[in-house]
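Here are my notes on the model you sent over. I went through the domain boundary, then the ligand site, then the salt bridges.

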Amino acid sequence: MPGFWVVKFTGNSDFYRMKRLFLDFASTTPLHPEVEAVMLDTFRNYPGNPSSIHEDGRRARFLIEESREKIASLLHKEPSEIIFTSSATESINTVLKSWFMRNLPGTSRFLTSPAEHHATLHTLKYLKEKGASVQVIQPDSDGIVSVFPVDSDTLVSLMAVNNELGSLLPSETVSTAQKAGALVHIDAVQALGKIRLDPFLSADFLSFSGHKFYGPRGTGLLVAKNGSELDPLLHGGAQERNRRSGTEATALIAGLTRALELALNNQESAYSEVYGLNRYLRQTLTAQWPAVTFNSPETGSPFILNFTLSTDPEEEIDSEALIMGLDAKGISVSSGSACSSGSWEPSHVLTAIGKTPYEAQTTLRVSFGPGLSREDLDRFTDTLVSLLIRMKASKNLI
Ligand code: PLP
């Protein structure tokens, strides 16, 4: 039921009444109105600390445990396997640092790819500096990490859906790695509510982020298989079965739970709607800017479309200028580069699949949500192409 989804920021803020066109759903998603309502109700009516033994505390505790049970049932897990965190970044840090602490320098082995999210890559860089051994498997030119030889006693950490390209992790990855005696952590942030999770649910650990599926920012989930060993990242009051200390954010947990229910219930209709939008944008871009090349594989998640606009450095096309030009026309998309220490660096994902720095510099990522129309995409394509023509004209190239 697409009408259910707030996707165009037509909500309360005057800012968003400017008819902005948001095409950056992989970076974050707006809060679903039902999630907002659940959270407001919980903020007002569940004031107790869930660890308190009085009535106010017990009511909050009950709501949290009920939420845990709902999430567990939706993900075909046991409630004891669900840990509430503040973000996927926290979930990922917990898993990787716990494995390091349990094995300690020299014996802690990791396997990952260079196209992972920085939450994984920067944590592993830090652990490597502390003595961990990190094996990095190259993805192919579509960003797909194929079945690999993997040693036992290794923690494999890979994304189910690449956040820049939409490439999918082959479905046999978890079972292949586990059969070889490895443990598997799946960063499923860009998968929930979008693609089938089944091939990944048997992983030893899974990380999710609430704000990627119309839930509140500041919420994450860590799913840890019963029997798996996990040291907490945060020590203190021993909440979450001593796996994540800190007073539980009752209202955020209630909102996250509603968002997860909605995302999984609406997944099929969202997928088919977005699939059509993705295919339409591929066609119209190719028709209006034939030099475009698509970096997102056709077999990937349709929620992400990554494309390069020029391979000729003479054209000096610059995605940052394009992003600003689109922004001035009320359109939000992402680019193929990132600001690091004040300078623009090509995206590590595009570099990993063999794009040159110039190609990365002329790359954009559009990410979709249900509720967008073909007219919205026409507005994007027309605006983009007129900016590109102006850029080329200013270099006397047309
Ligand atoms: N992993 C992936 C694939 C992501 O796309 C993101 C967010 O961009 C994260 C991890 C980090 O999520 P969070 O914002 O909840 O820390």
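1. Starting with charge pairing across the boundary: there are 0 salt bridges between domain 1 and domain 2. Keep in mind that this is a predicted model. Polar contacts are another matter, with 18 residue pairs joining domain 1 and domain 2 in that way, both partners at pLDDT 80 or more.

2. Which elements give two or more residues to the side of domain 1 that touches domain 2? They are α8 (267-288), β10 (304-308) and α10 (348-352). Of these, α10 provides the largest share, 4 residues. Sorted by class, that side of domain 1 has 13 nonpolar and 13 polar residues, plus 1 charged residue.

3. For orientation, domain 1 is made of two stretches, 17-31 and 267-394, while domain 2 covers 33-265. Their C-alpha centres are 28 Å apart. In terms of contacts, 27 residues on the domain 1 side meet 38 residues of domain 2.

4. The size of an interface is often given as the accessible area lost when the parts come together. Here domain 1 and domain 2 bury about 2600 Å² between them, and 54% of that sits on carbon and sulfur atoms. Within the area that domain 1 buries against domain 2, Leu 31, Gln 267 and His 348 supply 29%, more than any other three residues.

5. On to the ligand, which has 13 residues around it. The ones that come nearest are Thr 89, Asp 187, Gln 190, Ser 209 and Lys 212. If you plan to look at polar contacts, Ser 209 is one to check: an N or O atom in its side chain is 2.7 Å from an oxygen atom of the ligand.

6. Two other residues also have polar atoms facing ligand oxygens. For Ala 88 the backbone is involved, with a polar atom 2.9 Å from an oxygen atom of the ligand. For His 117 the side chain is involved, and the distance from its polar atom to a ligand oxygen is 3.3 Å.

7. Finally, back to salt bridges: the overall count comes to 16. One to look at is Arg 61 with Glu 248, where the closest N and O atoms are 2.9 Å apart. What does this pair tie together? Arg 61 is in helix α2 (residues 55-74), and Glu 248 is in the loop between α6 (239-242) and α7 (250-265), so the salt bridge links parts that are 187 residues apart in sequence.

Conventions. Residues numbered from 1 in each chain as written. Predicted model: local features only at pLDDT ≥ 70, side-chain atom pairs only at ≥ 80, totals over all residues. Heavy atoms only, no water. Domains from an automatic or database assignment. Contact = heavy atoms within 4.5 Å. Buried area = accessible area lost by both parts, 1.4 Å probe. Salt bridge = Lys/Arg side-chain N within 4 Å of Asp/Glu carboxyl O. Polar contact = N/O pair within 3.5 Å; in protein donor to acceptor, adjacent residues only side chain to side chain. Nonpolar A, V, L, I, M, F, W, Y, C, P; charged D, E, K, R; others polar. Near = heavy atom within 4 Å.
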